[in-house]
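Subject: Structure handover

Hello,

Here is the structure we talked about, with the sequence alongside. My notes on what was found follow below.

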Amino acid sequence: SPRVFSGIQPSGGLTLGNYLGAMKRFVDTQNTGVQSIYCMVDQHAITVWQDPENLRRATRELCAGYIASGLDPEKSILFNQSQVPEHAQLGWIFNCVARMGWMQRMTQWKDKAGKNSQNASLGLFAYPALMAADILIYHATHVPVGEDQKQHVELTRDIANKFNHDYKVDFFPVPEPVIEGAATRVMSLRDGSKKMSKSDPSDASRINLTDDADTIAKKIRKAKTDPEALPSEAKGLEDRPEARNLVNIYSALSEVSVDAVLADVGGKQFSEFKPMLAELAVEKLAPISGEMARLMEDTAEIDKILARGAERAREIASPILKETYKIIGMVGA
Ligand code: TYM
């Protein structure tokens, strides 16, 4: 039976990209009734330096963000990675399955490590093997993510296949990346060729889930565009990355297809479209940031939710780890 797993790093600041590419889609998935497991991946976050107090706050804030977006901690399993040690345990085994060459091909590793890769943490290099463990420790079959995580889910498939092949078992499912909808790659508001990211030095390049209404409206008003009017069909957006990005955001927020959006706004200038987009974004995002702030007032309650989530996650993960140890030949399993 299908089982969904996905995760987000608590590395400070959730963006509209995280919301549309991941969180909103998690909520839609949860509401179809399929078993869904969503993680705050604190062990991934520390592959680059995190201030301890910030990490604690960001983890709780991410939990608040999940709930404020509409995830129900009773329906879905919501938990923090380090509270379920089976992730790291299976991660070690996958370090021994994955090949150096596979990891070296990861574009995110190449981007993040940059020229000074000798000084990157070993964890940053091994990160995709831990991500594979996150998914496979639950025998998850579907992984909703944004475009930028596709290569990591493909590596997860390679690891599952190699494990099954090496040990002559049919144990780990080969999971599918689920990359659907208009907003699987939300771009920077300042540069249509760059992904919207919390690590972009320009705050004007992104909408943060914690931005207030005025800030959201101002960032959209200042977003880079071109001088043409909006086209009336999607193919008119092909060579217009900034225009396409704003229309995609509108489509995803309003849950109306790009074609239907353009049927409506085709021919309008950005001076008219941007205020429409700003109003829609504020309408959809303000309740989320308000609810996040409210939930953050009671961190003890958040910690309780996380503890309960970890307990439920371990009920699934622990027998799968045990079975893995048996397959490998570890005494005691
Ligand atoms: P992270 O924390 O960078 O991002 C979390 C999710 O948000 C999506 N996303 C975007 N989608 C559309 N447009 C954007 N501009 C944008 N920016 C981010 C990401 O694709 C992701 O789905 N390695 C993962 C976390 C992870 C994970 C996992 C995911 C760890 N283990 C297991 C799935 C399954 C990461 O760094 O995502």
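Which backbone N or O atom lies 3.2 Å from a nitrogen atom of the ligand? That atom belongs to Gly17. Please keep in mind that the model is predicted.

Two side chains also make polar contacts with ligand nitrogen. In Asp134, a side-chain N or O atom is 2.7 Å from a nitrogen atom of the ligand. For Gln149, the distance from a polar side-chain atom to a nitrogen atom of the ligand is 3.0 Å. On its own the ligand has 700 Å² of accessible area, and the protein covers 97% of this.

As for location, the ligand occupies the largest pocket. Strand 1 (3-8), helix 1 (16-30) and helix 7 (122-136) are the elements that each give two or more residues to the shell around the ligand. That shell has 26 residues, and the closest are Gln9, Tyr127, Asp134, Asp148 and Val186. By type, twelve residues of the shell are nonpolar, ten are polar and four are charged.

Away from the ligand contacts, I looked at charge pairs. Side chains of opposite charge can pair when their charged atoms come close. The structure holds 20 salt bridges. One of them joins Asp28 to Lys24, with 4.0 Å between the closest N and O atoms. Both Asp28 and Lys24 are in helix 1, where four residues, about one turn of the helix, separate them.

Regards

Key: Residues numbered from 1 in each chain as written. Predicted model: local features only at pLDDT ≥ 70, side-chain atom pairs only at ≥ 80, totals over all residues. Heavy atoms only, no water. Near = heavy atom within 4 Å. Polar contact = N/O pair within 3.5 Å; in protein donor to acceptor, adjacent residues only side chain to side chain. Areas by Shrake-Rupley, 256 points an atom, 1.4 Å probe, with all protein chains shown as cover. 1 Å grid on protein atoms, 1.4 Å probe; cavity = no way out; pocket = protein on both sides within 12 Å on 5 of 7 lines; lining within 4 Å. Sits in = over half its atoms within 2 Å of the grid points. Nonpolar A, V, L, I, M, F, W, Y, C, P; charged D, E, K, R; others polar. Salt bridge = Lys/Arg side-chain N within 4 Å of Asp/Glu carboxyl O.
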